[in-house]
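Q: I would like to learn how to read a binding site from coordinates alone. Can we work through one case, step by step?

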Amino acid sequence: MDFDTLHALGKTELHCHLDGSLSLSCIRQLAKMINRPLPASDDALRQLVQAPTNSENLADYLKTFDFVAPLLQTKKALQMAAFDVVAQAAAENVRYIEIRFAPAFSISGDLSLSEATEAVIEGLHQAVNQFDIVAKALVCGMRQLPNVDNQTMFRANAALVGNGLVGGDFAGNEADFPTSVCTPAIKTAQALGVPLTFHAGECHCPQNIAEAIFLGVPRIGHATACFDQPDLIQKIVQTHTTIELCLTSNLQTKAARSLDEFPYRALKAAGAAITINTDNRTVSNTTLTHEYELYQTYFKTTAADFLTFNLNAINAAFISEPAKQTLRDRLHQDYAAYL
Ligand SMILES: O=c1[nH]cnc2c1ncn2[C@@H]1O[C@H](CO)[C@@H](O)[C@H]1O
Ligand SMILES: [Zn+2]
């Protein structure tokens, strides 16, 4: 399929970070609101907000996020940011998106941990009213923060679940803060009834994936390190764990040092529920359409495969069964001409 066809195809995205996906024009508007000077040329700005091409690891990649954090400290800024990312997704025919962000990174001003989330939800609502898309929020605990901070964040946000917010995640520095360290906060989120996805396997550490599955987490972000672990892949299949693959991001963070270390082929062959995601549109300089194009080029992924991955995403989405059925029907219509 050519790029225009891939662009036109209906898509879904479970794994997209708000702060890593702002358009340059939105970044400019947000910077203006706090009188922060930015380079005049988009090329120069891009250098500041994209991960360096020579990132050595995840920690290196994550440094890029420091640039945007000061821009996301008010209600208005978070609303605008959420609107912006949904608008970008809708423009490439994404029918359903879950957008994640870390409330703990947006409380340097006056906002509380729940007000930050309410602002994101408001921005999503505004976009959903304007575009043909369903958009929901996820809140990220951060691995490197003390468990008590992540527990406080989940407690502050639990009441919003089901009301624009649909679940939680853990992101951040995985190499130094493995799953075992975060376990108390994971259990708190689960006890509060917050559906969870979880970043794991981005630092050559399959154990972090295995432990998250053992804790009953139904979705894993990345899971890259399972590529050469047949027993773990079997576990993923048996437990019906959904995997949120992020190809470009994995090549940048060296989670996969080559395509051979990317787990797509092994997971697909085993029949695992895989999904395709951008992770960070701006930091990784990608779009969901571009990701589809890469899968088609590298792995010969077909329209039938893409439909399956989209249905996998809908099955694992943190929304009601009737809402899922509406989206499934839509996707079947979208793909009918290409199967
Ligand atoms: O691929 C990733 N792995 C781990 N953490 C990430 C990744 N991308 C973004 N973040 C982290 O999640 C925070 C909330 O959106 C971002 O600020 C960034 O620190
Ligand atoms: Zn991520």
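Q: Which residues are the closest to ligand 1, and how many surround it?
A: A list of neighbours is the place to begin. In this predicted model, ligand 1 is surrounded by 15 residues. The closest are His 17, Asp 19, Gly 172, Glu 202 and Asp 279.

Q: Which atoms of ligand 1 lie opposite polar side-chain atoms of His 17, Asp 19 and Glu 202?
A: Here one goes from residues to atom pairs. His 17 places a polar side-chain atom 2.8 Å from an oxygen atom of ligand 1. For Asp 19, the polar side-chain atom is 2.5 Å from an oxygen atom of the ligand. With Glu 202 the partner is a nitrogen atom of ligand 1, at 2.6 Å. As for cover, the protein takes up 98% of the 420 Å² of accessible area that ligand 1 has on its own.

Q: Where is Glu 202 placed, and is Glu 202 buried or exposed?
A: Position in the fold and accessibility are read separately. Glu 202 sits in the loop between S5 and helix H9 (206–214). Its relative accessibility is 5%, so Glu 202 counts as buried. An unreviewed UniProt entry lists Glu 202 under "active site".

Q: Which atoms coordinate the zinc ion (ligand 2)?
A: For a metal, one reads the donor atoms and their distances, then the angles. The zinc ion (ligand 2) is coordinated by NE2 of His 15, His 17 and His 199, and by OD of Asp 279, at 2.0 to 2.2 Å.

Q: What do the angles say about the site of the zinc ion?
A: The general reference comes before the case. Ideal angles for four tetrahedral donors are 109.5 degrees. At the zinc ion (ligand 2), the angles among the four donor atoms run from 83 to 166°, and the site is irregular.

Q: What spacing do the donors of the zinc ion follow along the chain?
A: The pattern is H-x1-H-x181-H-x79-D. His 17 belongs to strand S1 (residues 11–17) and His 199 to strand S5 (residues 197–200), so this pair ties together parts 182 residues apart in sequence. His 17 is buried, at a relative accessible area of 9%, and His 199 is buried too, at 5%.

Q: Which atom of His 17 does the side chain of Ser 21 reach?
A: Backbone atoms also need checking as contact partners. The side chain of Ser 21 reaches the backbone oxygen of His 17 at 2.7 Å. Ser 21 is in the loop between S1 and helix H2 (24–33), and is buried, with a relative accessible area of 0%.

Definitions and conventions. Residues numbered from 1 in each chain as written. Chains lettered and ligands numbered in written order. Predicted model: local features only at pLDDT ≥ 70, side-chain atom pairs only at ≥ 80, totals over all residues. Heavy atoms only, no water. Donors = N, O, S within 2.8 Å, 3.2 Å for Na, K, Ca; no water. Tetrahedral: all angles 85-135°; square planar, octahedral: opposite > 155°, others 65-115°. Helix = DSSP H or I, 4+ residues; strand = E, 2+ residues; numbered from the N terminus. Buried < 20%, exposed > 50% of the residue type's maximum accessible area, 1.4 Å probe, protein only. Near = heavy atom within 4 Å. Polar contact = N/O pair within 3.5 Å; in protein donor to acceptor, adjacent residues only side chain to side chain. Areas by Shrake-Rupley, 256 points an atom, 1.4 Å probe, with all protein chains shown as cover. UniProt positions renumbered as here; feature names shortened; annotations may be inferred.
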